[in-house]
Amino acid sequence: MNKNSCLNCGHSISGEYCAHCGQKADTVRITLHSLIRNDILGSVWHMEAKFFRTLKEVLMAPGKTAMNYISGKRIRYNNFIPLLLVLFSFNVLGLHYYEKFASAEALADDSSVKAFLSKYSKTVLFVIIPLLALNASFLFKRIKLNIAEHFIIGTVGLLGILILFLLDDIVSLVGLWKPVSKIADIIDKALFGLSILFPAVTYWNAFKNSYSKTGLFWRVSVLYVLMGLESLIVSLILYKIF
């Protein structure tokens, strides 16, 4: 096999990667140096860099990130569905440690919304995205996205909420230290407010070049009204069942 052939499948190579199987062209004998540098440190750095870059872009430009992903620009991002489950797990862990270390008085002061999300978090996770997708597909039908593509936008919106909730969990843990409790309480309220507004930011960022400001404003407002009514119905159903 010549040096211009892929060591994995034998096809000829003209670039950095094999066009047939995707393996890198510069595969060489494994040494201790290459094992540490490329296989261990390189893999960890690549995964972490991609993970944090995805989180950053979801927070800073959620709608643009979703539309990039929909349009096929996907290699720079982690897959959103596994990332959603990872963040959900981190939120459960953060809430667990907060409840473990918080005093009974602090837990009693927590909002009913937090208590509801704590009890029904899995149900909320699997209900919010389909509701967002269905409502948005009706309100933003001019964009001509299918329901699965609206599902991606809804997923990015929920990713942002979970990131903010995770930051809120961290702030709440720090706030258990009395000298910073008042500052932590202000930040906690700000993060909660941002989490409520995040879906609006997501859709505004995604469709700001497709609608006038007035058209986008009333569509996002109607989206929130519909989501509020539907969430109330889901909450009542959960209350009745459980």
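Let's start with Leu 59, which sits in helix H1, residues 32–60. Helices here are DSSP runs of H or I of at least four residues, strands are E runs of at least two, and both are numbered from the N terminus. Leu 59 is partly exposed, because its relative accessible area is 29%. For the cut-offs, buried is under 20% relative accessible area, exposed is over 50%, and partly exposed is in between, with a 1.4 Å probe and protein chains only.

Who does Leu 59 touch, leaving out residues up to four places away in sequence? The partners are Gly 160, Ile 163, Leu 164 and Phe 198, where contact means heavy atoms within 4.5 Å. There's also a long reach in sequence: Leu 59 and Thr 202 are 143 residues apart along the chain, with 9.1 Å between their C-alpha atoms.

A word on what we're looking at. This is a predicted model, so local features need pLDDT of at least 70 and side-chain atom pairs count only at pLDDT 80 or more, while totals for chains, interfaces and linings use all residues. Residues are numbered from 1 along each chain as its sequence is written, and side-chain values use heavy atoms, with hydrogens and water left out.

On confidence, pLDDT is the predictor's own score for each residue, from 0 to 100. The chain averages 81, and 79% of the residues score at least 70. Among the elements, helix H2, residues 62–71, has the highest mean at 95, and helix H4, residues 104–109, has the lowest at 64. Where pLDDT is low, the predicted coordinates should not be read in detail.

Now the overall picture. The chain has 8 helices and 0 strands, so along the sequence you just read α-α-α-α-α-α-α-α. Of its 242 residues, 34% count as buried. Take the contacts between residues at least 6 apart in sequence: 65% of them join residues at least 24 apart.

Let me stay with H2 for a bit. Is H2 mostly covered or mostly open? Mostly covered, with 7 of its 10 residues buried. Those are Pro 62, Gly 63, Thr 65, Ala 66, Asn 68, Tyr 69 and Ile 70. Take Thr 65 in H2: it counts as buried because its relative accessibility is 2%. Beyond its neighbours within four places in sequence, Thr 65 contacts Glu 57, Val 58, Tyr 77 and Phe 80. And just after H2, Gly 72 takes a positive phi of about 110 degrees.

How does H2 pack on H7? The axes of H2 and helix H7, residues 181–207, come within 6 Å and cross at roughly 55 degrees. That makes H2 oblique to H7. By the cut-offs, under 35 degrees is roughly parallel, over 145 roughly antiparallel, 65 to 115 roughly perpendicular, and the rest oblique. Axes are lines fitted to C-alpha atoms, for helices over the stretch in contact, with angles from 0 to 180 degrees between N-to-C directions. The crossing is right-handed, meaning the near helix is turned clockwise from the far one by less than a right angle; anticlockwise would be left-handed. H2 brings Pro 62, Gly 63, Lys 64 and Met 67 to the contact, and H7 brings Phe 198, Val 201, Thr 202, Asn 205, Ala 206 and Phe 207.

H2 also meets helix H6, with axes coming within 9 Å and crossing at roughly 145 degrees. This crossing is right-handed too. Here the contact involves Pro 62, Ala 66, Met 67, Tyr 69 and Ile 70 of H2, and Glu 149, Ile 152, Ile 153 and Val 156 of H6.

Further along H6, residues 147–174, we find Leu 159. It counts as buried because its relative accessibility is 0%. Leu 159 touches Val 58, Phe 80, Leu 83, Leu 84 and Leu 87, not counting residues up to four places away. Its C-alpha atom is 8.3 Å from that of Leu 55, 104 residues away along the chain.

Just one loop residue: Lys 144, between helix H5 (112–139) and H6. Its phi is near 60 degrees, a positive value in a residue other than glycine. Lys 144 is exposed, at 75% relative accessible area.

Last, the cysteines. How many disulfides does the whole structure hold? The search finds 0, counting a pair of cysteine sulfur atoms within 2.5 Å as a disulfide. For Cys 9, the nearest cysteine sulfur is that of Cys 18, 3.6 Å away. Cys 9 counts as partly exposed, at 29% relative accessibility, whereas Cys 18 is buried, at 4%.
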